[in-house]
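Visitor: I would like to go through the assignments in this model one at a time, and to ask what each of them rests on.

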Amino acid sequence: MTVTGLDRLRYKLTKKIPDAMRAAVQAAMEQSAEEAVAAMKSLVPIESGDLRDSIGWTWGDPPKGAIIVARSRTKSKTGLRITIYAGNDKAYYARWVEFGTAPHVNGGKYAGSMNPGARAHPFFYPGWRLVRRRVKGRVTRSVKKAVRDSSK
């Protein structure tokens with residue numbers, strides 16, 4: 001007894017579906033990263049604009065000095081890893097704005113002086129939490145759609 005269409009099924013499972021899934025997931029991840037960055041930029045306190053301008057996303061590793069806000073898990077076969085980050089060498093203070101600083105004595109530099117610390121102004125974790133559910137749904141739907149479309 002021979003099975004008809006086995007070669008076509010094998011082709012779809014090994015070539016067509018993975019390529020379609022990779023393209024669909026990549027597009028969904030890029031759209032989701034743009035949405036997350038826009039949400040974070042809308043929440044960041046603005047003084048000079050350097051911190052707002054430092055928020056972004058990239059495939060792979062973030063720039064030096066940046067805080068990683070969200071990073072997708074990577075699979076060795078696909079190699080897709082997107083990173084959303086805040087801060088750079090100009091806006092090195094991103095973590096201080098997000099988490100605040102504790103009050104402390106100024107190390108004896110100024111007699112009797114006390115640094116009151118800075119209040120936290122969270123912007124990147126609330127921004128990420130705002131879009132996280134939509135991101136997961138968008139990626140899941142794109143995978144299902146890619147499998148459905150490539151199986152035709």
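Guide: A pocket here is an open set of grid points with protein on both sides within 12 Å along at least five of seven lines, and in this predicted model the second largest pocket has a volume of about 260 Å³.

Visitor: What makes up the lining of the second largest pocket by class?
Guide: Seven nonpolar, three polar and four charged residues form that lining, and Pro-45, Glu-47, Leu-51, Tyr-93 and Val-97 are those that lie nearest the centre. Helix H2 gives the largest share, three residues.

Visitor: Why are Glu-35 and Arg-134 called a salt bridge?
Guide: The definition asks for a side-chain nitrogen of Lys or Arg within 4 Å of a carboxyl oxygen of Asp or Glu; the N to O distance between Glu-35 and Arg-134 is 2.5 Å, and therefore the pair qualifies. Glu-35 lies in helix H1 and Arg-134 in helix H4, 99 residues apart.

Visitor: Why is Arg-138 called buried, and Arg-134 partly exposed?
Guide: Buried means under 20% relative accessible area, and partly exposed lies between that value and 50%. Arg-138 has 14% and is therefore buried, whereas Arg-134, at 43%, counts as partly exposed. Arg-138 also forms a salt bridge with Glu-35, at 2.8 Å.

Visitor: How do you know that Glu-98 has no salt bridge?
Guide: The nearest side chain of opposite charge, Arg-129, is 6.2 Å away, and a salt bridge has to be within 4 Å, so Glu-98, which is buried, has none. Glu-98 is found in helix H3, and among the residues it touches are His-121, Phe-124 and Tyr-125.

Terms used
Residues numbered from 1 in each chain as written. Predicted model: local features only at pLDDT ≥ 70, side-chain atom pairs only at ≥ 80, totals over all residues. Heavy atoms only, no water. 1 Å grid on protein atoms, 1.4 Å probe; cavity = no way out; pocket = protein on both sides within 12 Å on 5 of 7 lines; lining within 4 Å. Points joined across faces, edges and corners; volume = space filled by probe spheres on them. Helix = DSSP H or I, 4+ residues; strand = E, 2+ residues; numbered from the N terminus. Nonpolar A, V, L, I, M, F, W, Y, C, P; charged D, E, K, R; others polar. Buried < 20%, exposed > 50% of the residue type's maximum accessible area, 1.4 Å probe, protein only. Lys, Arg positive; Asp, Glu negative; His and termini not counted. Contact = heavy atoms within 4.5 Å. Lists of a residue's contacts leave out its neighbours within four places in sequence.
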